[in-house]
Amino acid sequence: MTTSMSAPQKPFRLSMLIYDTRYRSKTIQIAALIGFFCGLGWLIDNTVTNLSVLGKEPSFRFLTEEAGYKINQKLIEYTAQDTHLRAAFVGLLNTLLVAVLGCFTATVIGVVVGVLRLSKNWLIARLMTIYIEGFRNVPLLLWIVFIMAILVETLPAPSAFRGDSPAASMILGDSVAISNRGIYVPEALFSRSLGDISLFEGTSLQFEVSLDLVAILAVLGLSIWAAKWLGTRADRIQETTGKRPTTWYIQIPLIAAPILSLLFTLGFHLGLPELKGFNFSGGTHIRNSLLALWLALSLYTGAFIAEIVRAGIMAIDHGQTEAAAALGLRPKRIMSLVIMPQALRVIIPPLISNYLNIIKNSSLAIAVGYLDLTGTLIGITLNQTGRELETLLLGMMVYLTISLGISFAMNWYNKHVKLVER
């Protein structure tokens, strides 16, 4: 019979924090963390002291002062008599607008170009290569200015639409005007509107939300959910019986009928732009600065996304394509059902980085006079108030928050589409 005897544990001593390998790494990490915070505290204290000597104590009271400048492209009501905080809010909404538009169109362009670059058609594949290499190797700022110059120099002025024999005319039934001042498109109006609801009333961040838009989105969302439920039910029946019931003739009316009924109830009609005086009035005005920035961001980032898509597709073994073809699937079905679902594992992580680049690159908007967050808060407000530290800190925090939000959403999506490995 044998008995095991464990060695008695030594009592803890302070010297063990350095000489004992069990505690040494933690001791070093805690010491480094304390040193970092001490250095950060010294830096902040030194900055505050120096600013106080210059008579510029850190303060954010300037946000409540009158801005005194106009913003040409805006999504909410704003006048020059509003505060700097509201001007920054308008700039933030402009940043989000161009970011959302840019991410959507860059993704569409990237996927299409990435697939076409693998085409067996020699001409199509080479044209896609020229596009990708052309946009990837020229700075984005030059593309923004170049596209802006094309829009301003080549499109007709509003005066060209005037007269009995005008040099230019509106398109799509005289509902859309394309001029060197921007594009004028019809505006959605409701004769029996539900009204607006005011959020953050009484503050600088106050804005109106259209109840008509909320109702349309709610009805459209429910209709799509019902159509999707019908498709899922058809899938279950197919798995059980081997026969899939035809559902498209029910799904299409299920989506279209409720939304058309709601639009008729609300008295939906279009407000068309008209040429009055020296310019168009009415409708929705999309300025050239927004168009140039949007197109440049989409085309530039789309070239990078195209290469990511191409790499993702090429990462899938060619044997899977051959196996799917042996089962009788056509090339389009092979791409949508076999290749792309697997390629998403490779595509999505670098795609997140490109979405973040669109957010950050939108700060180049000031080059064409589009007042986004950089143009308002970190541009005009900084110059007027001289509060460079506060405005830069606020700007960095806003961009950081937006980027982290997009990263979180895309990582969540990536987690749900990736293949589960055992």
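Reader: Which residues does Leu-293 touch, not counting residues up to four places away in sequence?

Author: Good place to start, and keep in mind that this is a predicted model. Contact here means heavy atoms within 4.5 Å. Once residues up to four places away in sequence are set aside, Leu-293 touches Val-98, Ile-144, Ser-362, Ala-365 and Tyr-370.

Reader: Which helix gives the most to the largest nonpolar core?

Author: That core has 45 residues, and Leu-293 and Tyr-370 are those with the most contacts inside it. Helices α3, α4, α5, α8 and α10 each supply at least two of its residues. With 13 residues, the one that gives the most is α8.

Reader: Which strands does α8 touch when it packs on the sheet?

Author: Let's look at the sheet to begin with: it is open, has three strands and pairs them in the antiparallel sense, in the order β1-β2-β9. Helix α8, residues 288-314, makes an angle of about 55° with the direction of β9. The strands that α8 touches are β1, β2 and β9.

Reader: Why is one side of β1 and of β9 left without a neighbour in the sheet?

Author: Follow the order β1-β2-β9 across the sheet. Strand β2 pairs with β9 over three bridges. One side of β1 and of β9 has no neighbour because each stands at an edge, with a single partner strand.

Reader: What covers the buried residues of α12?

Author: Those buried residues include Glu-390, Tyr-399, Ile-402 and Asn-414. Ile-402 also belongs to another core, of 21 residues, which lies apart from the largest one. Among the elements covering the buried residues of α12 are α3, α10 and α11.

Methods
Residues numbered from 1 in each chain as written. Predicted model: local features only at pLDDT ≥ 70, side-chain atom pairs only at ≥ 80, totals over all residues. Heavy atoms only, no water. Pairing = 2+ DSSP bridges. Helix = DSSP H or I, 4+ residues; strand = E, 2+ residues; numbered from the N terminus. Axes fitted to C-alpha atoms, helices over the stretch in contact; angles between N-to-C directions. Buried < 20%, exposed > 50% of the residue type's maximum accessible area, 1.4 Å probe, protein only. Core = buried A, V, L, I, M, F, W, Y, C linked by side-chain atoms within 4.5 Å.
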